[in-house]
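These are my notebook entries from a look through one structure, kept in the order in which I looked things up.

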Amino acid sequence: MAEECVPKDLDPKEMGEEELWELINDNRHRISLGVRPCILIPYLRQARVLNEMDEDEILSCHNLTNRCMRTSHMLDLLRTQGKNGGMALLESLMIHYPALYTQVTGHKPSTEPSRFSGLIKYSELTEYLVRAVTGMQKELQEARNEASKLRAHGASLEADISQMMEQEMKSRTLRTDNERIQRHLCSLQREVTKLKDEKCDLYIRYTAAIEEKSAVNGRLHELNLQVYQLQTELQNAQAENEFQRQRSLKSVCPESPQLQDEVRSLRCQLVKAEKLDPARQDILAQDLAEAIDSQVELAEQLRSYREENEQLLRDKKKLLDQNESLSLQVQQLTLDCKMHQEKNTVIQNQMKALQAERDQAYQSRDEAQAMIARVLAEKDTLRCQLVELQEKVFSLQTKRSSTELHQSSEETEGGWDSPSSSSDECPVSCRRRLCRMDAINPSMVSCNSECEDGATCSVRSRNAEPPSPESLRRRKEILYAESSSEAAETDSLLDDFVLLPSVVNEGMQTFRLSSRRRSSSHSLSRSSVPPFLMRSRPKAIRVSGRVLSISFQGEALLSQLAVVGGNKTGVFVHQVTEGSAAHTVGISPGAQIVEVKYEKNQKALRMVLEDSTLEEAMWALGQVAGICHLSLRPRQDDYEALLQQLQSSETSSGDSFYVRVNMSLAAGPGGTLAVSCNDILHVTNTRPAGIDDSWCASHVHPCQLLDLQSGTVPNYYRAQRLLIRAIEDMSFQAKKSEKGERVMTQNTQKTVRIVSTGRQGRNPLWVSVEEEKSASAESDATSAPKSCVTLMPYTLVTPRYPPVCRPVLLLPSVLGRILDKKLASWQGFQLCEPEVLSSSEHAAQLQRSEILEEVEQGGSRCYTLQSVEKVMKKGIHCVLPLGLDCVRRLQRSEIFPIIIFIGQSARSARKLRSKLHRHSQTEEQLLACSRSEEPLLDKLPCLYHSVDPESWCDQTSLLTSLRTIIWEEQKKIVWVEPDLW
């Protein structure tokens, strides 16, 4: 594209301004994408086409969010410089981006002097190229270091890969073992199936045997019945036969022959029966013996079957256990295999990425080496040309030695207005360089000019005069011997600034600026400043990042400007009075006042207003008298957003902070808010319109950051006076009687919380005044700081939201140790147990402040932070059997306990008499402990809950109310005070 836009034979120096910028605009997208402004800006600054304000705008403007936008804005600024801006841009591209220069112009980059436009002197160009080579060497060293790091990282990754390969081999062996175990498991399952089939056959045979046995038993029972019937019949027949025989013997009747025949027949039958019965009996006996034998055999078979069944059940159980263990091993092995596969995949991806990075690093290293070789070659050519030019300069210098004295005298008489006579002879334009001067104290009217020997001057001299011959002869040695001075000079560009005469003085008073001369003969004094050194603003403005430091006459500063804002948004300049000193130096609305410095009573004071309230800021600005130094930060968007909120009545000011009230105030006229001691207030305006010495505040919801009832409260200083007056009234009333003393003691704990601080300053809430140490005020360095009233009516608090259940601390400690175990026995509570520590662990944790309390003095059993955190991780309340000393240690570790103080009286102590005696305590000890610990509660940096002694009747009701209180306190916001010492 560049070759199509511009012919190769057309030199950019021969092109007109419009053609040159048309060429640049055609390649604007390519330049915006491929150029980093921070690399080109030093050359553009050296060519004087960009100034310091342009550099700060390009690199620090918040509207330019990316590199392309910064590069495009730089091109717009260079367009305003005409052809010089375009030529300087192309020369910087030729030095730093040769490939892009070739694409834009169609020419190859060259370091010949004829290829440069002459915007930079030859010596300055050489110096810049030396710096560029040094920077490239540093970049090359960084690239080498990065490559060595990548190689080391690659070696470590290769070691990891070897380890992973070993693990993969192990996983393969595990997979083979798994497959072998699965095959063995399948064979065992087949054997188990066979055993189950055999067991089923045995069950069938066993059932058939039982049926046969039942049939044999039935048959045996029938045979027994038959034998019994036959025996009965036989006995009856014998009895009847005997009866007939006796009867026949006693009475002989005429029919005896017949009877005898019958008797004979009966005897024959009886003989037959007797002959027949033994055979039957033998048969029956034989059948019975066979049945008994079969029964015994069946019983033996049944017993053997039962033993086999039991053995099979045991084998089955063992096989099931083995099956479960093998299945678990299989699952574990599959998970391990999946994990190893995922790791291998991740490592392979990382290896691919590392290989790509390594290839890219090698490529960049090769490019850097080629570039360095090219730059070194160019450096050698430039060095040779520099030596030739120096020889020419030395020859010209010897020819002009006769006329040098005459020229210097003419220059002295003509001053800044007379032209230099040597300008015609010098081939390069000899316009004097800008003189960089140190800042001058505004209180000084004039200063003596300084002079130095020309031998001490170098090629980096800041004077406007040309260098001496001695300096030129040392130029080559200084260029290579003082390479480290480049960074120092760059830093000094930000630190040095010129301060011109004060605007308040109406006369045309001028300062005499000190300048260092390169000539060893004399120094010239000038009555007026050159026109090109004059600034549009008559005051010193020092730019430090995005903060501007402005010095001007700040007498009655609040009449010169008005401010808005507060500690939340910052204090902004709202209005500036026209014609005032603040308006003259260029202060405009929308700038945030960061700090103010001024002198008072021969002391340098510094007030930081970045986070101060509007009330403190207006007081600080009202104290300024004489010369002041304001540090401003431009924040126009935030200022406009604040104005929109003020106009829409979303907020009344830029103040927003939370305080804990340390005294009770009754409601009054004019919307005065009624507050009690330990209330939390949200202050939204410290300078309400039409109300003096008051703040706009509102009560805060205990569980959410919501404002409730709003009103006004006394500001810090008026509330401090009211607190002192209340303490004086209570101390006066306490002297009347002993009874009155007891009453006032109780009321003091309810209405006043005495809090003091070790901060020395006007307002302990906002410490903004600091005395700066100065060499001119050595006598004040040993003076003691002024004391101030340390009673605090309000203390700053910050909200905290504990994510888990908070620990519970019951007071007084005597009663707490009695109720702790009862409370810990409920669900959701656990008692904190002490840990046994060795001597080394005890010393280490004691040094880290992790020991809350020791069970025995010098013992090894201690309550530690770890024991409390262990219980809290379970999501339950940790009951602390400790005292008040553990609260601050817990809060340092971001643990905020729920503190419950159970108020005691003689009546309430009598309710716990039996419990106290059981723990070897008395009522007097409980009351004494309550009286000693109750005043210490006000010194805690957090709120606590008090239980009235008349709100419970026995231990059960007290524990029930404690559980309700803990549940309510867990939902509340924890308000924490900062360390006041």
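I began with surface charge, bearing in mind that this is a predicted model, and I found a negative patch formed by Asp287, Glu290, Asp293, Glu297 and Glu300. I then followed one of these residues further and noted that glutamate 300 lies in helix H10, which covers residues 256-399. Glutamate 300 has a relative accessible area of 44%, and because exposed requires over 50% and buried under 20%, I entered glutamate 300 as partly exposed.

Next I looked for disulfides and wrote down that the structure holds 0 of them. I also checked two cysteines for burial: cysteine 628 is buried at 0% relative accessibility, and cysteine 862 is likewise buried at 0%.

I turned to the backbone after that, and recorded a cis peptide bond running from leucine 811 to proline 812, with omega near 0°. Proline 812 sits in the loop between strand S14 (808-811) and helix H21 (813-824).

Which residues other than glycine have a positive phi? I noted aspartate 693, whose phi is near 55°, and serine 920, whose phi is about 60°. I placed aspartate 693 in the loop between strand S9 (680-685) and strand S10 (694-700), while serine 920 belongs to the loop between helix H26 (913-918) and helix H27 (923-933). For accessibility, I have aspartate 693 as partly exposed at 42%, whereas serine 920 counts as exposed because its relative accessibility is 64%, and the cut-off for exposed is over 50%.

Methods:
Residues are numbered from 1 along each chain as its sequence is written. This is a predicted model: local features need pLDDT of at least 70, side-chain atom pairs count only at pLDDT 80 or more; totals for chains, interfaces and linings use all residues. Side-chain values use heavy atoms; hydrogens and water are left out. Patches are made of residues with over 30% relative accessible area and no salt bridge: like charges are joined within 9 Å, nonpolar side chains (Val, Leu, Ile, Met, Phe, Trp, Tyr) within 5 Å. Accessible areas come from the Shrake-Rupley method with a 1.4 Å probe; for residues, only the protein chains shown count as cover. A salt bridge is a side-chain nitrogen of Lys or Arg within 4 Å of a carboxyl oxygen of Asp or Glu. Lys and Arg count as positive and Asp and Glu as negative; His and the chain ends are not counted. The place of a charge is taken as NZ of Lys, CZ of Arg, CG of Asp or CD of Glu. Helices (H or I, at least four residues) and strands (E, at least two) are DSSP runs, numbered from the N terminus. Buried means under 20% relative accessible area, exposed over 50%, partly exposed in between (1.4 Å probe, protein chains only). A disulfide is a pair of cysteine sulfur atoms within 2.5 Å.
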